[in-house]
Amino acid sequence: MELRRFRLRLDPLSPFATEPGSGGLFGHLCWAKRAREGREALRAWLRRLPEEPLALSGLLPADHLPCPLLAPAPSVGEDAKPLKRRRFLSLSAWRRLRVAAEARTLERLLREAKEDPPFLSPKRVPHNRIDRGSGKTPEAGGGGLWFSEELWPKPRDREARRIEADLYVRSALPAKALEALIADVGEIGFGGDAGLGRGRFRLEGSEAAGWLEEAPRGAGEARMLSLSQGVVTANMRAPRWRRFVLFGKIGREMMAEGRRPWKLPLVLAEAGATFAADGPGPFGAWVTGLHQDDDPADPIGHNAWHLAIPYTEARA
C-alpha cells in the first residue's frame, strides 16, 4: 500500500458556519463518496481504513502551517502574550525553524510576520426566531433575536477578489479520485447551514507534497508537528497539545434514517500539537463508540488521525 501526499489549493466562496477541521472534512468526504459510488462502496472503504488510514489537515491559509507548540522559554517584550495566540506560521518560516527549533526562534519569526494572514474572520450574525403559530417574531424576550458566529473569508487586501486556502492529505486514493471528492464537498457545502449556501469552496488544483514529510538533517531531538485535530495515542511520546472538545454531529443521511444527530463528546488535540514519534505511525486513531444509536454492523466513527510532519527540536 502506497500512501500519497497531496496539497490541494482551495478558494473559499462563502462563509463557514462550522470550522473546517480535519475530522469534519473527512466526514464530508465520506458522504461525497457515498453519493458517487453508493453505500456499500463507502462501507468497504471505511473497513479498509485501519490498513489504509487517510489523514488530512484542517483548512489552512495558503502557504501556511499551524503554529507548533515548542518547549517553552521566557518571553520578552510587550507582544509576548499576543504571540502565543498566533495560529499560523508561513512555509518559508517553517523551513527556517524546522532544524533545531526553539521557542526564541519561533518568536522572532512570528514578530517578522507581524500578524496572522487574513483568512477566515469570525463575525457575529443576527438571527430571529419565528413563532410558528402566528408566523411573526415573538413580542417578549427581545423579539426572539439571537446571534451565531460564522467564519467569513477575508482577502489579503482590497484589490484581492478571493482568498486561497490549503488542504494537505495523505491517502492511498489516486489524485483524481481525491480531487473529485473534495470538489463535490465544495459544491454541496461544508458544515452547518450548507443548504443556505454556507461552507462552499472551489478546488483550484493539487500537487504532490512529499517534500512536506522529508526528515530534516541536523542536530536536535526528532519530533513531529500535527496539522490535524486528533486523539493522543501511546505512540506519541512527550506530547505538547491544546485540548479541544468536539461535540460532533452525524450527517443528514443518517438523521434521515432515524438516528439522533449528536455524537458523544470527544477530547482531541488541536492542530499544532507536537510529539516524539514511537515508530512509523500512524498517529492518532479511528475512533468508534461515539453514538448512542450505534449499530455494531455499521459503526459510526471519527477520523482522529494526525497528518504529522517531522522536525528537530533543540535539546534543553
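A residue is called buried when its relative accessible area is under 20%, exposed when that area is over 50%, and partly exposed in between. Keep these cut-offs in mind as we walk through this structure, which is a predicted model.

## The whole chain

The protein chain is built with 7 helices and 17 strands. It has 316 residues, and 44% of them count as buried. About 16,800 Å² of the chain is exposed, with carbon and sulfur atoms supplying 51% of that area. Now think about contacts between residues at least 6 apart in sequence: 78% of them join residues at least 24 apart.

Here is one pair to look for yourself. Pro50 and Trp286 are separated by 236 residues in sequence, but their C-alpha atoms are 7.5 Å apart in space. Pro50 belongs to the loop between α2 (39–48) and β2 (55–56). With a relative accessible area of 51%, Pro50 is exposed, because the cut-off is over 50%.

## A helix to follow: α6

How far apart are the end C-alpha atoms of helix α6? They are 20 Å apart, which agrees with the 20 Å that its 14 residues, 175–188, should span at 1.5 Å a residue.

Several residues of α6 are buried, among them Leu178, Leu181, Ile182 and Val185. In an α-helix there are 3.6 residues a turn, so residues three or four places apart point the same way. The buried list of α6 also includes Glu179, Asp184 and Gly186. What do the buried residues of this helix pack against? Their partners are β1 (4–12), α1 (22–37), β8 (165–171) and β9 (201–208). Just after the helix comes Gly189, with a positive phi of about 110°.

## Backbone angles worth a look

Gly189 is a glycine with positive phi, but residues other than glycine can be found with positive phi here too. Lys114 is one of them, and Ala238 is another example. The table sets them side by side.

| Residue | Phi | Place | Relative accessibility |
|---|---|---|---|
| Lys114 | about 70° | loop between α5 (103–113) and β6 (120–128) | 72%, exposed |
| Ala238 | near 45° | strand β11 | 49%, partly exposed |

Why does Ala238 count as partly exposed? Its relative accessibility is 49%, so it falls between the cut-offs of 20% and 50%. Lys114, at 72%, counts as exposed because its value is over 50%.

Another backbone feature is the peptide bond from Gly281 to Pro282, which is cis, with omega near 10°. Pro282 sits in the loop between β14 (274–277) and β15 (284–287).

## A nonpolar patch on the surface

Which residues form a nonpolar patch on the surface? They are Val232, Trp241, Val245, Phe247 and Val267, and together they have about 440 Å² of accessible area. Take Trp241 as your starting point: this residue is in the loop between β11 (236–240) and β12 (243–246). Trp241 has 37% relative accessibility, so it counts as partly exposed.

## Cysteines

A disulfide is a covalent bond between the sulfur atoms of two cysteines. How many disulfides does this model have? The count is 0, using a cut-off of 2.5 Å between the sulfur atoms. Two cysteines you can find are Cys30 and Cys67. Cys30 is buried, with a relative accessible area of 8%, and Cys67 is buried as well, at 9%.

How values were computed
Residues are numbered from 1 along each chain as its sequence is written. This is a predicted model: local features need pLDDT of at least 70, side-chain atom pairs count only at pLDDT 80 or more; totals for chains, interfaces and linings use all residues. Side-chain values use heavy atoms; hydrogens and water are left out. Patches are made of residues with over 30% relative accessible area and no salt bridge: like charges are joined within 9 Å, nonpolar side chains (Val, Leu, Ile, Met, Phe, Trp, Tyr) within 5 Å. Accessible areas come from the Shrake-Rupley method with a 1.4 Å probe; for residues, only the protein chains shown count as cover. A salt bridge is a side-chain nitrogen of Lys or Arg within 4 Å of a carboxyl oxygen of Asp or Glu. Helices (H or I, at least four residues) and strands (E, at least two) are DSSP runs, numbered from the N terminus. Buried means under 20% relative accessible area, exposed over 50%, partly exposed in between (1.4 Å probe, protein chains only). Contact means heavy atoms within 4.5 Å. The expected span of a helix is 1.5 Å times one less than its number of residues.
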